[in-house]
Amino acid sequence: MIEYDKLVNSTVRQIKPSGIRRFFDIAHEMEDVISLSVGEPDFHTPWHIREAGIESLEKGRTRYTPNRGFIQLRQEVARFFSRHYGVEYHPENQVLVTVGGSEAIDLCVRSLVNPGEQVLIPQPSFVCYVPIVQMAGGQPVIIETGPENGFKLTAAQLEAKITEKTKLLILPFPNNPTGAVMSRQELGEIAQVVKRRNLLVLSDEIYAALTYSQAGHTAFSALPGMAERTVVVNGFSKAHSMTGWRLGYALGPKEIISLMTKLHQFAIMSAPTTSQYAAIEALKNGDEDIAYMRGQYDMRRRLIVDGLNQMGLRCFQPEGAFYAFPSIKSTGLTSEEFCEKLIYSKRVAVVPGDAFGACGQGFVRISYCYSTKHITEALERIQRFLQEL
């Protein structure tokens, strides 16, 4: 009998599966479950975007695209970023179209990190960063954040974790799972440390368009001296409700984008053709779609945060993305116990906070990118669950 454990890649074998997908899978095997576990918008992709994709198929536009993506799409990405965030990128050599934002993150890490070099990762944060760093041979260094500072990274925390081996900082804001957003001033303090300590930055801004404060989103590359040090990752899944189209992009210095493109050529070749035609339409004429969906998420955000606080689950006020991250410490249960008991007894699926890092223990992530009907019913079930504990 073949002993596969001795034959497969030991790094990959030791990586744990995503903690998000477990409760999503359980929910799919049960009836009458309200799943608030996955960050997938409940809106259909806007019709005019779908129509652009359909038209491309009807006209037989089904061939490979250039490795970097259609120049028309890269031009629209550059215009979008200039229009919304005030940063200029050259579409010819500073923009790369990828298969979702996750591929862009992977390409960036593998292009920058040598074996043994350290990557700073604030947590709680999205589940892919640590495994991707490990698979690149890098060393993840965790910076824990908490409700006492609004789940934001501080310059002092960053400074304390930097060593001679530190190469890259991952900035995951607006944040999944907490909804935390960093202001321009707060990011400016981080930028000073980055410049002084000669770091590179991967700024994951996939939720940039879903920022609820009047000040809006600040792109890290918009800060003085940061464009030359930063790779920005964004995409279409969240802001344009295009999760299944699998399309993202990276913007950054041409030298880094060139390396990322080389990896992309060999691993993927090019992003889906149909999706790229749809994305051109999304960037050209989709600003109103974003504004509408952001308004709906904002309404749901207030509904779910107020409901959680009223039932005694203290909830930090999220300022971006579409997640609430309430504390469940008052129940005496671990995050895993809370989620298991809740789904089996009340048929509500949420995600344990420690799926996003050890410092998420005592919290759960609840996605509010679902209808108000689902949210209201879920809140009623959670309240009954708490009363019965």
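In which loop does Asp-32 lie? In this predicted model, select Asp-32 to begin the tour: the residue is found in the loop between α3 (19-28) and β1 (34-35). Its phi is near 60°, a positive value in a residue other than glycine. Most residues other than glycine have a negative phi, and most peptide bonds are trans. Asp-32 has a relative accessibility of 57% and therefore counts as exposed, the cut-off being over 50%.

**The sheet**

Next, select the seven strands of the open sheet, which follow the order β2-β8-β7-β6-β5-β3-β4 with mixed pairing. At the edges stand β2 (95-98) and β4 (139-144), each of which pairs on one side only. On average, neighbouring strands of this sheet are turned by 20° against each other, direction ignored. Now add helix α5 (residues 71-85), which packs on the sheet and touches β2, β7 and β8. The direction of α5 makes about 65° with that of β8.

**Strand β5 and its neighbours**

Narrow the selection to strand β5 (residues 166-171). Is this strand mostly covered or uncovered? Strand β5 is mostly covered, as six of its six residues are buried. On one side, three bridges join β5 to strand β3 (residues 118-123), and the two strands run parallel. To view this pairing, display Leu-120 together with Leu-169 in β5, which stands opposite. Four bridges join β5 to strand β6 (residues 200-204), again in parallel. Here the pair to display is Leu-168 and, opposite, Leu-200 in β6.

Include helix α9 (residues 184-196) in the selection: β5, α9 and β6 together make a right-handed β-α-β unit. From β6, proceed to β7, to which β6 is joined by four bridges in a parallel arrangement. Asp-204 and Val-233 in β7 stand opposite each other.

**Two cis peptide bonds**

Return to the region of β3 and select Gln-123 and Pro-124, which are joined by a cis peptide bond with omega of about 5°. Pro-124 belongs to the loop between β3 and α7 (129-135). Then select Phe-173 and Pro-174. A cis peptide bond joins these residues as well, with omega of about -5°. The loop that holds Pro-174 runs between β5 and α9, two elements of the β-α-β unit visited above.

**A second positive phi**

Move to Ser-241, in the loop between β7 (230-235) and β8 (248-251). Ser-241 is not a glycine, yet its phi is positive, at about 55°. Is Ser-241 buried or exposed? With a relative accessibility of 5%, Ser-241 counts as buried, because the cut-off for that class is under 20%. Asp-32, where the tour began, counts as exposed.

**Two crossing helices**

For the last stop, select helix α13 (residues 335-346) and helix α14 (residues 372-388). Their axes come within 10 Å and cross at roughly 110°. The two helices are therefore roughly perpendicular to each other, a class that covers angles of 65 to 115 degrees. Show the side chains at the contact: α13 contributes Phe-338, Lys-341, Leu-342, Ser-345 and Lys-346. From α14 come Arg-381, Ile-382, Arg-384, Phe-385, Leu-386 and Glu-388. Coloured by class, the contact shows five nonpolar, one polar and five charged residues.

Terms used
Residues numbered from 1 in each chain as written. Predicted model: local features only at pLDDT ≥ 70, side-chain atom pairs only at ≥ 80, totals over all residues. Heavy atoms only, no water. Axes fitted to C-alpha atoms, helices over the stretch in contact; angles between N-to-C directions. Parallel < 35°, antiparallel > 145°, perpendicular 65-115°, else oblique. Contact = heavy atoms within 4.5 Å. Nonpolar A, V, L, I, M, F, W, Y, C, P; charged D, E, K, R; others polar. Buried < 20%, exposed > 50% of the residue type's maximum accessible area, 1.4 Å probe, protein only. Pairing = 2+ DSSP bridges. Right-handed = clockwise from strand over helix to strand, strands pointing away.
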